Amino acid sequence: MNREFLEQNGIDVAHGLELLGDMDMYNETLSDFLEEQKTRIPALKEYKEKGDLENYAILAHAMKSDSKYLGFTKLIELAYAHELKGKEKDMDYINENFDAFMEEANRIGTILEKYNNG
């Protein structure tokens, strides 16, 4: 596993290491995040479609928090915006910006898969 690969893809590994201590803990947290995303992304889509913005905001918050520990700067910003808009019941914002949120979540997932398998 190559830390430089993550950094070249815009991931702030140094920030993650400040919070988590060492690469072993970072990699373990990263694997947990990747596993969580397998259920979190479909659940976000489902909550959005049902208009369940309370649970939508909770999941966006969880994604934001996990992203902070791993240094996913852009995903932190997007998840935070969706968390706030979910709490504000701003369905228009969520609908208009959901694709960009999911694109970044999927981009991070692809990078992490390559990192884990590399």
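**Entry 1: helix H2 against helix H3**

At what angle do the axes of helix H2 (residues 13–20) and H3 cross? I looked this up before anything else, bearing in mind that I am working with a predicted model. The two axes cross at roughly 105° and come within 9 Å. Angles of 65 to 115 degrees count as roughly perpendicular, so I note H2 and H3 as roughly perpendicular to each other.

Next I listed who meets whom. From H2 I found Val 13, Gly 16, Leu 17 and Leu 20, and they meet Met 23, Met 25, Tyr 26 and Thr 29 in H3. Sorted by class, the residues of this contact are six nonpolar and two polar, with no charged residue in the set.

**Entry 2: helix H2 against helix H4**

I then turned to the pair H2 and H4. Their axes are 6 Å apart and the packing angle is about 100°. H2 and H4 are therefore roughly perpendicular to each other too. On the H2 side I wrote down His 15, Gly 16, Leu 19 and Leu 20; on the H4 side, Lys 68, Tyr 69 and Leu 70. The class count for H2 with H4 is four nonpolar, two polar and one charged.

**Entry 3: Leu 20**

Leu 20 turned up in my notes on H3 and again in those on H4, and I gave this residue its own page. Leu 20 sits in helix H2. Is Leu 20 buried or exposed? Its relative accessibility is 18%, and the cut-off for buried is under 20%, so Leu 20 counts as buried.

Leaving out residues up to four places away in sequence, I see Leu 20 touching Met 25, Tyr 26, Thr 29, Tyr 69 and Leu 70. For Leu 70 I also noted the separation: 50 residues in sequence, but 8.5 Å in space from C-alpha to C-alpha.

**Entry 4: aromatic pairs**

How many aromatic pairs does the structure hold? I count two.

One is Phe 33 with Phe 72. Their ring centres are 5.1 Å apart and the planes stand at 65°; edge-to-face begins over 60 degrees, so this pair is edge-to-face. Phe 33 belongs to helix H3 (residues 23–50), while Phe 72 is in the loop between helix H4 (53–70) and helix H5 (73–87), so the pair ties together parts 39 residues apart in sequence. Both rings belong to buried residues: Phe 33 has a relative accessible area of 2%, and Phe 72 has a relative accessibility of 1%.

The other pair is Tyr 56 with Phe 98, which I logged as tilted, at 6.3 Å centre to centre with 45° between the planes. Tyr 56 is in helix H4 and Phe 98 in helix H6 (residues 91–117), so here the linked parts are 42 residues apart in sequence. Tyr 56 is buried at 0% relative accessibility, and Phe 98 is buried at 5%.

**Entry 5: lysines over rings**

While I had Phe 98 on screen, I looked at what lies over its face. Lys 48 does, at 4.9 Å from the ring centre. I found another such case in Lys 85, which lies over the face of Tyr 93 at 5.3 Å from the ring centre.

**Entry 6: His 82**

Which residues is His 82 in contact with, leaving aside its neighbours within four places in sequence? My list reads Tyr 56, Ala 60, Tyr 93, Ile 94, Asn 97, Phe 98 and Phe 101. That takes in Tyr 56 and Phe 98, the partners of the tilted pair. His 82 lies in helix H5 and is buried, with a relative accessible area of 1%. I also looked up Lys 45, which is 37 residues from His 82 in sequence and 12 Å away, C-alpha to C-alpha.

**Entry 7: Arg 40**

Arg 40 is in helix H3. Its relative accessible area is 5%, so I mark Arg 40 as buried. Not counting residues up to four places away in sequence, Arg 40 touches Phe 33, Leu 59, Ala 62, Met 63 and Asp 66. Phe 33 is familiar from the edge-to-face pair.

**Entry 8: a backbone check**

My last look-up was about phi. Most residues other than glycine have a negative phi. Lys 89 has a positive value, near 60°, and is not a glycine. I located Lys 89 in the loop between H5 and H6. With a relative accessible area of 53%, Lys 89 is exposed.

Terms used: Residues are numbered from 1 along each chain as its sequence is written. This is a predicted model: local features need pLDDT of at least 70, side-chain atom pairs count only at pLDDT 80 or more; totals for chains, interfaces and linings use all residues. Side-chain values use heavy atoms; hydrogens and water are left out. Rings of Phe, Tyr and Trp (its six-membered ring) pair if their centres lie within 6.5 Å; planes under 30 degrees apart count as stacked, over 60 as edge-to-face and the rest as tilted. Helices (H or I, at least four residues) and strands (E, at least two) are DSSP runs, numbered from the N terminus. Buried means under 20% relative accessible area, exposed over 50%, partly exposed in between (1.4 Å probe, protein chains only). A charge sits over a ring if NZ of Lys or CZ of Arg is within 6 Å of the ring centre and within 35 degrees of the ring normal. Axes are lines fitted to C-alpha atoms, for helices over the stretch in contact, and angles run from 0 to 180 degrees between N-to-C directions. Angles under 35 degrees count as roughly parallel, over 145 as roughly antiparallel, 65 to 115 as roughly perpendicular and the rest as oblique. Contact means heavy atoms within 4.5 Å. Ala, Val, Leu, Ile, Met, Phe, Trp, Tyr, Cys and Pro count as nonpolar, Asp, Glu, Lys and Arg as charged, and the others, Gly among them, as polar.
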